[in-house]
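Colleague: Could you take one part of this model and describe it closely, beginning with a single residue and its setting? Please then carry the account on to the other elements for which you have details.

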Amino acid sequence: MTTGSTFTRHREIAWRGGRTISTSRLVAEESAIALTYNGSTHAVMMGTPADLEDFGVGFSLTEAIVDRANEIRSIELISNELGMEVRMWLDGDRAASLAARRRTISGPVGCGLCGIESLEQARRTPSRVEGRGIAFHAGDLLNAMQALSPLQTLNQQTRSVHAAAFWHPRSGITLVREDVGRHNALDKLAGAIVRDGSSASGGAVLLTSRVSVEMVQKAAMIGAPVVVAVSAPTALAIQTANEAGITLLAVARDDGYGVFTHPRRVLLPEEAALRAGC
């Protein structure tokens, strides 16, 4: 679901090639999005006002506020002049658990660990991802990344948003979510996967951003065995992916990518030939 406009047109004086022209440009919307649980604000993030039910569910799962989506009894979207509110009501046990760790977060787009209260919370042990026996052909993963760009409808118009997508070897890219914040895009994807009744365990998460530790932590929370990203990972992201059992591919370009952890899930051409008995 898209709530409100995701872009607007703005006047622009463009100076290019030594010439000045008056023109206009489509610009991505960015608004305050408050995530509230049982009447209390838990987080205020800046993001794209679209797919907010997915955002609420995904954020709740990747931040370990709930273990299962059905622990969220209801979601309501409220719009006002200051932004959007995603109102969620939790089951009694979850509400009590959240009250015990209550905090209010106020963070900018690029902030993935806003409001964390301790070093232990920031460096939490990642969920261990299953996926034994899963392996994807190297070329298929490269083709998946190349297929993502045409599906980024908001970025095609504005050139200013990130995307997170889910790819399955049998069905291709099935879900794409976009946002001005890379963490938000991944949270929206996480929520979309769960609300679609799907599982991330049989495919790969595709990212148009760099790979930081919190992106790996979020991918681990939804059980994604493979993460492929356009940009480079941080050292801590590599370490966390290794601990979580995630195969991390990064610096994905038209000619290939780097495999940083658990390479057993990537069938490189020579390995594929060996396994096929060639």
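**A64, helix α1 and beyond**

Modeller: A64 is found in the loop between α1 and β5 (72–80); the model in which it is seen here is a predicted one. Its backbone deserves attention, since A64 has a positive phi of about 60 degrees although it is not a glycine. This residue comes just after α1. As for its surroundings, A64 has a relative accessible area of 32%, so it counts as partly exposed.

The helix that precedes A64 presents another picture. In α1, 11 of the 11 residues are buried, and the helix is therefore largely enclosed by the rest of the structure. The buried residues of α1 include the charged pair E53 and D54, together with L52, F55, G56, V57, G58, F59, S60, L61 and T62. S60, which is part of helix α1, may serve as the example. Its relative accessibility is 0%, and for that reason S60 counts as buried. Apart from neighbours within four places in sequence, the contacts of S60 are Y37, I65, V66, I72 and M88.

On the other side of α1 there is a further residue of interest. D51 is placed in the loop between β4 (40–47) and α1 (52–62). D51 is not a glycine, yet its phi is positive, at about 55 degrees. With a relative accessible area of 14%, D51 falls under the 20% limit and so counts as buried. Positive phi values are thus found both at D51, in the loop that leads to α1, and at A64, just after that helix.

Helix α7 can be described in similar terms. Eight of the nine residues of α7 are buried, so this helix too is largely enclosed by the rest of the structure. Those buried residues are V213, E214, M215, V216, Q217, K218, A219 and A220. After α7 comes G223, and the phi of G223 is positive, near 75 degrees.

α7 also has a helical partner. Helix α7 (residues 213–221) packs with helix α8 (residues 235–244) at an angle of about 20 degrees, and the two axes are 8 Å apart. Because this angle is under 35 degrees, α7 is roughly parallel to α8. Their crossing is right-handed. On the α7 side, the contact is made by V213, V216, Q217 and A220, and on the α8 side by L236, A237, T240, A241 and A244. By class, the residues of this contact comprise seven nonpolar, two polar and no charged.

The sheet completes the account. Six strands form an open sheet of mixed pairing, in the order β10-β9-β11-β12-β13-β14. Its edge strands, each paired on one side only, are β10 (172–179) and β14 (256–259). From one strand to the next, the twist averages 20 degrees. Within this sheet, strand β12 (residues 226–229) runs parallel to strand β13 (residues 247–253), and three bridges join the two. In one of these pairings, V226 has T247 in β13 as its bridge partner. Helix α6 (residues 182–195) lies across β9 (162–168), β10 and β11 (204–207), and its direction makes an angle of about 135 degrees with β10.

Notes: Residues are numbered from 1 along each chain as its sequence is written. This is a predicted model: local features need pLDDT of at least 70, side-chain atom pairs count only at pLDDT 80 or more; totals for chains, interfaces and linings use all residues. Side-chain values use heavy atoms; hydrogens and water are left out. Axes are lines fitted to C-alpha atoms, for helices over the stretch in contact, and angles run from 0 to 180 degrees between N-to-C directions. Helices (H or I, at least four residues) and strands (E, at least two) are DSSP runs, numbered from the N terminus. Angles under 35 degrees count as roughly parallel, over 145 as roughly antiparallel, 65 to 115 as roughly perpendicular and the rest as oblique. A crossing is left-handed if the near helix is turned anticlockwise from the far one by less than a right angle, and right-handed if clockwise. Contact means heavy atoms within 4.5 Å. Two strands pair if DSSP finds at least two bridges between them. Buried means under 20% relative accessible area, exposed over 50%, partly exposed in between (1.4 Å probe, protein chains only).
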